[in-house]
Amino acid sequence: MDKVKIGTCWLDGCSGCHMSLLDIDEGIVAVLEKADIVFGPLVDAQEWPEGVDVAVIEGAVSSQDDLKLAQTARARSKVVVALGDCAVTGNVPSMRNGIPVRKLLERVYVEGATVPSVVPTDGVPALLKQAEPLHSAIKVDIHVPGCPPKPNAILFVLSELLEGREPDLGSKLRFG
Ligand code: SF4
């Protein structure tokens with residue numbers, strides 16, 4: 001039987017949700033018996049592949065690059081999981097939303113610089129006006145809140161999906 005293909009990525013997040021994913025400890029063995037991780041920080045793949053079964057996405061959508069990756073993952077995946085409060089609500093990245101982007105960049109790169117500096121234009125993803133939750137950019141099938149989500153909630157979601165069931169997080173839900 002073909003293994004389920006899982007892809008993971010983080011957009012505007014701190015990687016804490018991926019750390020929580022790794023914290024499922026020996027649960028990862030059971031997951032990998034039934035699934036292959038085909039994209040993510042631990043996989044040497046440059047591009048989100050076609051034919052992914054489960055996309056696990058951490059972080060808010062804050063830049064053009066985030067938006068493009070989220071759209072690609074959605075187009076090439078059957079199920080999309082928003083992992084963590086940043087993906088579910090915008091959370092920490094959305095704290096910038098009351099500040100115009102230009103003003104924000106000048107504060108960080110010019111006013112906050114210890115040596116004369118300018119706002120970079122090359123090699124830095126262009127910020128969107130607002131940092132948005134993932135469901136504002138693409139259709140999301142499953143939301144797993146928490147900052148980060150508890151490892152047992154992540155393992156539950158993956159295990160249910162690997163069994164072909166829709167996970168009912170019920171009492172496992174928490175924000176923050
Ligand atoms: S939800 Fe929390 S742990 Fe996850 S990326 Fe956001 S700030 Fe980090």
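Helices and strands here are DSSP runs, numbered from the N terminus. With that naming, Pro148 falls in the loop between strand 7 (142–144) and helix 7. One thing to keep in mind as you look around: this is a predicted model. Below is a quick tour of the ligand shell, some backbone oddities, the charged pairs and a few spots on the surface.

**Around the ligand**

- Twelve names to look for around the ligand are Gly13, Cys14, Gly16, Cys17, Glu58, Gly84, Asp85, Cys86, Asn91, Gly146, Cys147 and Pro148.
- By type, that shell splits into five nonpolar, five polar and two charged residues.
- Two helices chip in with at least two shell residues each: helix 1 (16–22) and helix 4 (85–89).

**Backbone oddities**

- As a rule, most residues other than glycine have a negative phi, and most peptide bonds are trans.
- The bond joining Cys147 and Pro148 is cis, with omega at about -5 degrees, and both of these residues are among those around the ligand.
- Ser15 has a positive phi, near 80 degrees, though it isn't a glycine. You'll find Ser15 in the loop between strand 1 (4–10) and helix 1. Its relative accessible area is 15%, so Ser15 is buried, the cut-off being under 20%.
- Asp25 is another residue other than glycine with a positive phi, near 50 degrees in this case. Asp25 sits in the loop between helix 1 and helix 2 (27–34), and a relative accessible area of 48% makes it partly exposed.
- Gly164, which follows helix 7, has a positive phi too, near 80 degrees.

**Helix 7**

- Helix 7 covers residues 151–162, and its twelve residues at 1.5 Å a residue should span 16 Å. The C-alpha atoms at its ends are 16 Å apart, so the model agrees with that expectation.
- The buried residues of this helix are Ala153, Ile154, Val157, Leu158, Glu160, Leu161 and Leu162.
- Glu160 is the charged name in that list, and its relative accessibility of 14% is why it counts as buried.
- Glu160 has a partner: it makes a salt bridge with Arg165, with the closest N and O atoms 2.8 Å apart. Arg165 is partly exposed, at 44% relative accessible area.

**Charged pairs elsewhere**

- Side chains of opposite charge can pair when their charged atoms come close.
- Searching the whole structure turns up ten salt bridges.
- Helix 5 (101–111) is a good place to look. Glu106 pairs with Arg102 there, the closest N and O atoms being 3.2 Å apart, and the two lie four residues apart, about one turn of the helix.
- In that pair, Glu106 is partly exposed at 31% relative accessibility, while Arg102 is exposed at 51%.
- Arg107 and Glu111 form a salt bridge as well, with 4.0 Å between the closest N and O atoms. They too are in helix 5 and four residues apart.
- Arg107 comes out partly exposed at 47% relative accessible area, and Glu111 exposed at 54%.
- Why does four-residue spacing suit a helix? An α-helix has 3.6 residues a turn, so residues three or four places apart point the same way.
- Away from that helix, Glu47, Glu50 and Arg76 are tied together in a network of salt bridges.

**Spots on the surface**

- Met19, Leu22 and Leu42 make up a nonpolar surface patch, and together they have about 330 Å² of accessible area.
- Met19 belongs to helix 1 and counts as partly exposed, at 43% relative accessibility.
- Gln46 is in the loop between strand 2 (35–39) and strand 3 (52–58). With 72% relative accessibility, Gln46 counts as exposed, since the cut-off is over 50%.

**Distances along the chain and in space**

- Gln46 and Gly170 are 124 residues apart in sequence, and their C-alpha atoms lie 36 Å apart.
- Ala126 and Ser62 are 64 residues apart along the chain, with 8.7 Å between their C-alpha atoms.
- Ala126 sits in the loop between helix 5 and strand 6 (127–132), and is partly exposed with a relative accessible area of 43%.

Technical notes: Residues numbered from 1 in each chain as written. Predicted model: local features only at pLDDT ≥ 70, side-chain atom pairs only at ≥ 80, totals over all residues. Heavy atoms only, no water. Near = heavy atom within 4 Å. Patch = residues over 30% accessible without salt bridge, like charges linked within 9 Å, V, L, I, M, F, W, Y side chains within 5 Å. Areas by Shrake-Rupley, 256 points an atom, 1.4 Å probe, with all protein chains shown as cover. Salt bridge = Lys/Arg side-chain N within 4 Å of Asp/Glu carboxyl O. Buried < 20%, exposed > 50% of the residue type's maximum accessible area, 1.4 Å probe, protein only. Expected span 1.5 Å × (residues − 1).
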